[in-house]
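Colleague: I am new to this one. Before I trust any label, I want to hear the reasoning behind it. Can we go through it?

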Amino acid sequence: MSGMPEPSIDEVFEGCKQVLEKNKKDSFTIPAEGLYPHQWLWDSCFIAIGLAEYDLPRAKKELQSLLRGQWSNGMLPHMIFAKGDSHKRDRDIWQSWRSPYAPDKLSTSGFTQPPMLAEAIVRIGEKMKIRDRRSWYQDMYPALLAYHQWLYSERDPHKEGLILLIHPWESGLDNSPPWIDQLHLQEKPWWVKLVEKTNIDKVVMFFRRDTLHVPPGQRISNIDALLYFHIIQRLKRKNWDIDKILSRSHFSFQDLTFNCILVRANQHMIDIAKTIGHELPEDLKENFKKTEDSLETLWDGFYKQYYSRAFITHKLVKEGSIASLMPLYAGSISKERALELVKTLKSSKQFGTEYPVPSVPVSSSWYKEFGYWQGPTWINTNWLIADGLDRYGFKEEADNIRSKSIKAVTKHGPYEYFSAKSGEPAGAKNFSWSAALIINMIANQKSGSKK
Ligand code: GLC
């Protein structure tokens with residue numbers, strides 16, 4: 001859309017709808033053509049939130065389509081692979097069929113992504129009359145319940161109330177500084193060291209799909225990409241069996257973003273169960289409470305911030321990132337703490353940029369204007385933070401984030417991410433969740449009924 005006169009708000013809305021139309025594949029929506037040809041878990045949840053503004057049947061289908069991939073132990077995988085010969089390589093890398101719990105008829109990844117499903121179910125439900133809402137919730141409830149039960153039974157082995165992640169991709173913020181920091185503390189496998197030493201990492205570029213579509217400077221480094229691939233190989237060799245994975249002190253992390261999204265999802269689940277007259281299992285309700293309480297153990301009084309925690313050393317990983325603002329979305333922290341977070345949000349040394357909210361504070365040594373999850377502004381994290389700010393009564397701050405998000409997309413179209421300083425676009429073009437969440441933001445701005 002750049003280089004042309006700026007479109008009106010209605011044209012932006014229409015343009016975003018067209019992007020979702022273009023990215024539609026049978027029963028679901030891909031994140032972006034070429035770079036992301038499969039169905040992703042949290043992408044589809046964000047996409048459904050946008051679709052709910054104008055096409056409820058398609059929004060429902062988007063989520064129902066995610067359930068195709070659910071494992072029999074309850075896990076919702078972070079990717080469901082597209083069929084066809086051209087995607088065989090992706091399916092073979094993961095080999096989900098090694099797990100007895102994986103579905104028979106399709107291939108998926110072997111781990112999950114942030115639990116946005118409950119939020120998406122509720123956003124769709126809110127658009128319905130009570131009768132339809134009940135039957136929609138009835139349809140989705142068993143899968144949602146199984147998923148949350150799986151999270152606690154497999155990913156909270158010490159019953160701390162916090163879910164551990166076994167790969168950075170599970171966090172959705174792939175190479176955010178806290179994760180990369182921990183990754184670099186791991187002993188590198190010999191073959192990665194060799195690649196690094198001999199400087200042949202450029203060869204890796206041939207095998208990378210992302211750098212075919214987006215300039216390498218806007219993506220993860222080759223060596224880190226190899227380390228991520230190595231973790232997948234290790235997990236796959238354990239047939240995706242969590243007991244075997246954790247028995248070898250596997251790299252694992254109590255991720256702040258993931259657990260904040262879980263707190264909110266749990267609150268939604270309580271509402272969903274109430275609406276359809278179901279009693280949640282007692283142990284699950286206790287876990288819900290424990291997660292809210294345990295979130296407080298991730299607070300650092302000195303830096304006045306929340307952080308993720310390494311599971312094995314049990315130490316907070318004190319690297320600044322957008323995750324620190326996610327407790328606003330969780331909604332369980334005190335108003336005083338929320339105010340502390342709002343101060344960092346507005347500080348020009350941290351997150352207070354022209355096009356907020358940068359994925360890393362601008363004063364951080366990690367900050368790169370176009371670095372993947374290491375500086376740019378993303379529309380989904382903006383949506384989450386603004387939603388949390390609304391609920392704490394910080395309307396002005398929430399509106400500022402939303403109007404700057406709309407401004408960036410009005411100028412350039414729904415790209416994957418944007419410079420937090422200039423609003424310049426980067427990453428994939430026509431990116432579905434940017435389009436969907438801008439649709440939601442515009443619709444709410446119009447109706448004036450911000451949630
Ligand atoms: C990248 C993002 C992740 C997203 C996926 C598909 O891996 O980091 O959050 O789900 O792309 O869009």
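Colleague: Why is Lys343 called exposed?

Modeller: This is a predicted model, so the value is computed from predicted coordinates. Lys343 has 51% relative accessibility. Exposed means over 50%. Therefore Lys343 counts as exposed.

Colleague: What makes the pair Lys343 and Glu340 a salt bridge?

Modeller: Their side chains meet at 3.7 Å, N to O. The cut-off is within 4 Å, from a Lys or Arg nitrogen to an Asp or Glu carboxyl oxygen. So the pair qualifies.

Colleague: Where do Lys343 and Glu340 sit with respect to each other?

Modeller: Both belong to helix H16, residues 335–346. They are three residues apart there, so about one helical turn separates them.

Colleague: How do you know that Lys395 and Asp390 form a salt bridge?

Modeller: The closest N and O atoms are 3.7 Å apart. The limit is 4 Å, so the pair counts.

Colleague: Why is Lys395 called partly exposed, and why is Asp390 called buried?

Modeller: Lys395 has 38% relative accessibility. Partly exposed lies between the 20% and 50% cut-offs, so the label fits Lys395. Asp390 has 6%. Buried means under 20%, so Asp390 is buried. Elsewhere, salt bridges with shared partners join Glu119, Arg123, Asp387 and Arg391 into one network.

Colleague: Which label, buried or exposed, goes to Asp210 and Arg219?

Modeller: Asp210 is buried, and Arg219 is buried too. Their side chains meet in a salt bridge at 3.5 Å, N to O. In total, the structure holds 27 salt bridges.

Colleague: How many disulfides are there?

Modeller: Zero. A disulfide is a covalent bond between the sulfur atoms of two cysteines.

Colleague: How do you know that Cys16 has no such bond?

Modeller: The closest cysteine sulfur to that of Cys16 is in Cys45, 19 Å away. A disulfide needs sulfur atoms within 2.5 Å. So the sulfur of Cys16 is too far for a bond.

Colleague: What about Cys45?

Modeller: For Cys45, the closest cysteine sulfur is in Cys260, at 17 Å. That is also too far for a bond. Cys16 counts as buried at 0% relative accessibility. Cys45 counts as buried at 0% as well.

Colleague: Why is Pro31 called buried?

Modeller: Pro31 has a relative accessible area of 1%. The cut-off is under 20%, so Pro31 is buried. Pro31 lies in the loop between strand E2 (28–29) and strand E3 (39–40).

Colleague: Which residues is Pro31 in contact with, leaving aside neighbours within four places in sequence?

Modeller: They are Asn23, Tyr36, His38, Trp40, Asp43, Asn430, Phe431 and Ser432. Tyr303 sits elsewhere: 36 Å separates its C-alpha atom from that of Pro31.

Colleague: What surrounds the ligand?

Modeller: Pro31 is one of the surrounding residues. Others include Tyr36, Trp40, Trp42, Asp43, Gln113 and Gly172.

Colleague: What makes Trp42 a polar contact of the ligand?

Modeller: A polar side-chain atom of Trp42 lies 3.0 Å from a ligand oxygen. The limit is 3.5 Å, so this pair counts. Gln113 places a side-chain N or O atom 2.9 Å from an oxygen of the ligand. Gly172 uses a backbone N or O atom, 2.6 Å from a ligand oxygen. Taken alone, the ligand exposes 310 Å², and the protein buries 95% of that.

Technical notes
Residues are numbered from 1 along each chain as its sequence is written. This is a predicted model: local features need pLDDT of at least 70, side-chain atom pairs count only at pLDDT 80 or more; totals for chains, interfaces and linings use all residues. Side-chain values use heavy atoms; hydrogens and water are left out. Buried means under 20% relative accessible area, exposed over 50%, partly exposed in between (1.4 Å probe, protein chains only). Helices (H or I, at least four residues) and strands (E, at least two) are DSSP runs, numbered from the N terminus. Contact means heavy atoms within 4.5 Å. A residue is near a molecule or strand if one of its heavy atoms lies within 4 Å of it. A polar contact is a pair of N or O atoms within 3.5 Å; within protein, one must be able to donate a hydrogen and the other to accept it, and residues adjacent in sequence count only if both atoms are side-chain atoms. Accessible areas come from the Shrake-Rupley method with a 1.4 Å probe; for residues, only the protein chains shown count as cover.
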